[in-house]
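The exercises below ask you to read a fold from its coordinates, one element at a time. Try each task on the model before you turn to the worked solution.

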Amino acid sequence: MAEATTRPSGHLFIVSAPSGAGKSTLCGAARERFPNLRYSISATARPPRPGEVHGKDYFFVSEEEFKKGIEEGRWAEWAVVHGNYYGTPAEFIRNTLSDGHDILLDIDVQGAEQLMDRFPDSISIFIMPPSQEILRDRLEKRGTDDPAVIRRRMENAWKEMALKDRYRHIIVNDNLSRAVNQFIDIIDHHRRSQHDPAMGKGGGSP
Ligand code: 5GP
C-alpha cells in the first residue's frame, strides 16, 4: 500500500492489560479496522489452550528453545509472565518497521518497558478493567484456566496496574464499545499524524 511504502519507519503500538481486561477484543477490533496494521505474533513456552493455533496465536516453543532464543538475541524483548516465557521475535519487528509498516503488540508490562526504552517513539496503551470483581468474573467465565492460574493472574493484575502511568494512553474498559472507539481513535490519530505535517510528527493524545 502507498502509505506503507512512503513512510521511512512504521509506528509501534504497544498494548498491555491484565488478562481479562478485554485486550484481545480491543486488539481484534483494531486489526479489523486497520487490516494493514501488522500484528506481532509472540513466541511462548506455555502450552497452547484449546483452539489456539501455532503461528497464528503464538509460536509455541519448548522452554529449551525459548532459552536458546534468549542467548541468540532472537527476542526484541522477553519476560516471564504468569510463570511462562513470552517473547517478541526481533527479526519481525526489525523487518516490519524498516518496511514502513505499523505494528500492534500485545505484551505484558515488563516487555512493554523494554520496548519503550528501545523505541522511545512507540505508542503505549494500557487497558484497565473496570473493577477487581469484573476482572475475576471475566477470568472465571472464560473457563480456560484452572483456579490456581486465575488466582495468579489476579495477583499479577494488581502489580501490572500499578505501572499503568508509564504508558502514553490509558483506557478504562467499563463500556466495550466506548473502549473500542477510544482504542481505534488513538491508533488512527498516531497513524495519520505521520502523514499530515499540520498535525506534527509522533502526535500527542487525540
Ligand atoms: P496469555 O497467556 O493469556 O495469552 O498471555 C499472558 C500475558 O502474556 C498477557 O499479558 C500478554 O500480553 C503477555 N504476552 C504475550 N506475548 C508476549 C510477549 O511476546 N512478550 C511479553 N513480555 N509478554 C507477552
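A residue is called buried when its relative accessible area is under 20%, exposed when it is over 50%, and partly exposed in between, with a 1.4 Å probe and protein chains only. Helices (H or I, at least four residues) and strands (E, at least two) are DSSP runs, numbered from the N terminus. The model is predicted, so that local features need pLDDT of at least 70 and side-chain atom pairs count only at pLDDT 80 or more, whereas totals for chains, interfaces and linings use all residues. Residues are numbered from 1 along each chain as its sequence is written, and side-chain values use heavy atoms, with hydrogens and water left out.

**Exercise 1. Strand 7**

Task: Determine which way the side chains of strand 7 point, and which strands it joins.

Solution. Begin with the general expectation that side chains of a regular strand alternate between the two faces of the sheet. In strand 7 (103–106), Ile103 and Leu105 point one way while Leu104 and Asp106 point the other way, and all are buried.

Next, look for partners, where two strands pair if DSSP finds at least two bridges between them. Strand 1 runs parallel to strand 7 and is joined to it by 4 bridges, with Leu104 as the bridge partner of Phe13. Strand 2 also runs parallel to strand 7, joined by 2 bridges, and here Ile103 is the bridge partner of Arg38.

**Exercise 2. The two sides of helix 4**

Task: Which residues of helix 4 are buried, and against which strands do they pack?

Solution. First, sort the helix, which spans residues 90–98, by accessibility: Ala90, Ile93, Thr96 and Leu97 are buried. Seen down the helix axis, the buried residues of helix 4 fall within an arc of 145 degrees (taken from the directions from the axis to the C-beta atoms), so they line one face of the helix. Glu91, Arg94 and Ser98, on the other side of helix 4, are exposed.

Second, list the packing partners, contact meaning heavy atoms within 4.5 Å. The buried residues pack against strand 1 (12–16), strand 2 (38–39), strand 5 (75–81), strand 6 (84–89) and strand 7.

Third, consider Phe92, which also has its place in helix 4 but counts as partly exposed because its relative accessibility is 27%. Leaving aside neighbours within four places in sequence, Phe92 is in contact with Arg38, Tyr39, Ser40 and Ile103. Its C-alpha lies 8.9 Å from that of Ile41, although the two are 51 residues apart in sequence.

Finally, follow the chain onward: helix 4 is followed by Gly100, whose phi is positive, near 85 degrees.

**Exercise 3. The open sheet**

Task: State the strand order of the open sheet of 4 strands, and explain why strand 4 and strand 5 each have one side without a neighbour in the sheet.

Solution. The order is 4-3-6-5, with mixed pairing. Strand 4 (59–60) and strand 5 stand at the edges with a single partner strand each, so one side of each is left without a neighbour in the sheet. Within the sheet, strand 3 (residues 43–44) pairs with strand 6 in the antiparallel sense over 2 bridges, and Gly87 is the bridge partner of Ala43.

Helix 3 (residues 63–71) packs on this sheet and touches strand 3, strand 5 and strand 6, its direction making about 45 degrees with that of strand 6. Helix 4, for its part, lies across strand 5 and strand 6 and runs at about 25 degrees to strand 6. These angles, on a scale from 0 to 180 degrees, are taken between N-to-C directions of lines fitted to C-alpha atoms, for helices over the stretch in contact.

**Exercise 4. The ligand**

Task: How many residues surround the ligand, and which are the closest?

Solution. Counting residues with a heavy atom within 4 Å, 18 surround the ligand, the closest being Ser42, Arg46, Tyr58, Tyr86 and Asp106. For polar contacts, take pairs of N or O atoms within 3.5 Å. A nitrogen atom of the ligand lies 2.8 Å from a polar side-chain atom of Glu77. A ligand oxygen atom is 3.2 Å from a polar backbone atom of Gly87, and an oxygen atom of the ligand is 3.4 Å from an N or O atom in the side chain of Thr88.

Terms used:
Polar contact = N/O pair within 3.5 Å; in protein donor to acceptor, adjacent residues only side chain to side chain.
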